[in-house]
Each structure stands twice: as structure tokens, then as C-alpha cells.
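Here are my notes on the model, point by point. Have the structure open while you go through them.

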Amino acid sequence: MATDTETDVFEEHRPVLLGVAYRMLGRVADAEDVVQEAWLRWSAADRREVREPRAYLVRVTTRLAIDRLRQVKARGETYVGPWLPEPYVTDFGDTVPDTAEQAVLADSVSLAVLVVMESLSPLERAVFVLREAFGYPYADIAAMLDRGEPAVRQLAGRARRHVEERRPRFEVDPVRRRDLTERFLAAAGGGDLKELMALLAPDVRLIGDSGGKSKAPLRVLESADHVGRFLVGVAEKGVPDISWRFLELNGGPALLVLSGGKPDSVFQLDILDGRIQSVYIIRNPDKLRSLAAV
């Protein structure tokens, strides 16, 4: 049985462990399962062999996440339509007082980056998360993964190049993103195609994730005309007993749409030069369950 002190130590580090696991897996439920398994390992550990609890817990969590990711890839699961990460509530608050550090953490959990990270190998993803998001030294990462430091540096370089080459560029200023999101809501909700076209970049992309369990495009829509007309069509059909609220999800402002008080969809935008570059819509009900209590 774990003592109160051991429980307190684990709970102190839980946010970091969940952050590591979610960035590794892109799924809140899987991340929570991994952290729960880390707790079981922690409660059964010989304290005499644990000199640095945080390092021990991050190592255990990372290895468990790698195993879970390998299992998912080995199953070769097929997904209906485009895939997006499960929305993740982010509110760093006083836990991360440094503004620059907040920006790094927010970027590393953004939908755009997590989508790119899906194509990394489990080891590349682990190294990228530990190095780029949490700033661990290469030597520490090597010890966590039982790899040599040169090998870890090589993995880190390959992962960084892959992400940088494929990640879309966008502004992270939350005030500007919130302002444009509100204007987008007004235009889309009102079916105002002219205003939508003024907000959308010419090469805007709309990525909808339904998992085949609700209505959403089964392919990525491209161009302002296609995206704008799709959004106007959605507005014309309407959502029963609709309401909405703004949340901070995946490091930026997002719109949670509710139907009858239950989560119906999440909208989030990528912005660059004052125009909307990407529209993300998550409608898979399995990915919205964690937002029901928010």
C-alpha cells in the first residue's frame, strides 16, 4: 500500500506525466490509462532505489506510452475519415509562469503538431516530446530509454526535421486567435458566406474528424470556396438546442458546440497573417466525452 506521502509525491507530478503521455498518444483516455499504470508501478517500487521521483515517474510513463503506441501501430487500426487528436484541455496557469515555456508547451500539444507526430516512430516521438516539449537533456533521455546518447541525438534530429518540414505555420497569439474565432463563429453561425470568404485564406483546409460515427467530411476540404460553402450548409441545417462556449484546448482557444447541453463538436482554427489557414472540426463522440464535465 502506498503511503500518503508517496501519493502526494505522485499527485505532484501527475500533470507532467499526463502531459508526456498525451503528447505521446494523442488520446486522453489512453494517456490516463498509462498514468494509472505508472501509479501502480510507483506504489509497488522499492523507494530505496528511487533517488529522483520525477525522473523515475517520467521514465516509467514514457516507456509505458511507447509500449501502448507500438500496440496501436501493430494492430494497424483503420480509421474512417481524417484523424485528429482527442481534444485536450490546457490551462497552464501558475504551474508554468514563464511565458516562453508556456508557448513551447502549447505548441507541442497543438493539433497541427500532434497530427505530424503521428508519422514518427514510437522512439522518435518519445525523444521529440521529452526534448522539445519538456527540455530534458540528451543524457537524461538516453538513460530513460536505455539508449546511447549519440543514438538519442540522432533520433531527436530526425524527428525535429520531420516535424519542421511538415508542420503548418500559424500564429500562437491567443488574443488574435480568440478574436478571429469569434468573428468566424458569427459568420459561420449566420451563414454569411461573404464574411467567411474574407476570413478564410485562399488555400484554407478543413479537417473533420467523425470516426464514421457522426456527420463530417470524409476527406479534407481545400480552398476558401469549398470550405466556406460547406460551413454555410452546416449553418443552414442547424444544430438542435444549440449552445456554445470557449475553452482552451490543445494550447489555444477553441469553440465547444453543445446540443441539448451535451458536446456535439469542437472547432479550432489555425491563423496566419490575419487569415484562417486551417479549420479543425472534431465530431467523433468518443473524443468528446472528456469535455462533458468541463
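1. Quick convention before the strand talk: two strands count as paired if DSSP finds at least two bridges between them. With that in hand, V257 stands opposite S265 in β5. Keep in mind that this is a predicted model.

2. Staying with that pair of strands, β4 (residues 252-259) and β5 (residues 262-272) run antiparallel, with five bridges between them. S259 faces K262 of β5 across the pairing. The two strands make a hairpin with two residues in between, and G260 in the turn has a positive phi of about 65 degrees.

3. On its other pairing, β5 joins β6 in the antiparallel sense, over seven bridges. Here I271 is set opposite I276 in β6. This hairpin also has two residues between the strands, and D273 takes a positive phi near 55 degrees.

4. Now zoom out to the whole sheet. In what order do the six strands run? The order is β2-β1-β6-β5-β4-β3, in an open sheet with mixed pairing. The edges belong to β2 (221-222) and β3 (242-249); each has a single partner strand, so one side of each lacks a neighbour in the sheet. As a reminder, strands of a sheet pair through backbone hydrogen bonds, either parallel or antiparallel.

5. Two helices to look at against the sheet. Helix α9 (residues 174-189) lies across β3, β4, β5 and β6 (275-282), and runs at about 120 degrees to β5. Helix α11 (residues 224-237) lies across β1 (200-209), β2, β5 and β6, at about 50 degrees to β1. As for β5, eight of its eleven residues are buried, so I'd call the strand mostly covered.

6. While you're there, have a look at R178. Its charged end sits over the ring of F246, 3.9 Å from the ring centre. R178 falls within the α9 range of 174-189, and F246 within the β3 range of 242-249.

7. On to the aromatics, where the count comes to four pairs. One of them is Y22 with Y88, which is stacked: 4.2 Å centre to centre, with 15 degrees between the planes. The pair links distant parts of the chain, since Y22 is in helix α1 (residues 4-25) and Y88 is in the loop between α3 (53-75) and α4 (99-108), 66 residues apart. Both Y22 and Y88 are buried.

8. Another pair is W42 with Y56. Is it stacked or tilted? The pair is tilted, at 5.9 Å centre to centre and 50 degrees between the planes. W42 is in helix α2 (residues 28-44) and Y56 in helix α3, so the contact ties together parts 14 residues apart in sequence. W42 and Y56 are both buried.

9. Last stop, helix α7 (residues 138-145). Which of its residues are buried? Y138, I141, A142, M144 and L145 are. They sit on the same side of α7, because they cover an arc of only 160 degrees around the axis. Just after the helix, D146 takes a positive phi of about 55 degrees. Y138 also has a charge to deal with: R131 lies over the face of its ring, 4.1 Å from the ring centre.

Note on methods
Residues numbered from 1 in each chain as written. Predicted model: local features only at pLDDT ≥ 70, side-chain atom pairs only at ≥ 80, totals over all residues. Heavy atoms only, no water. Buried < 20%, exposed > 50% of the residue type's maximum accessible area, 1.4 Å probe, protein only. Helix = DSSP H or I, 4+ residues; strand = E, 2+ residues; numbered from the N terminus. Arc of directions from axis to C-beta. Phe/Tyr/Trp six-rings, centres within 6.5 Å; stacked < 30°, edge-to-face > 60°. Lys NZ or Arg CZ within 6 Å of the ring centre and 35° of its normal. Contact = heavy atoms within 4.5 Å. Axes fitted to C-alpha atoms, helices over the stretch in contact; angles between N-to-C directions.
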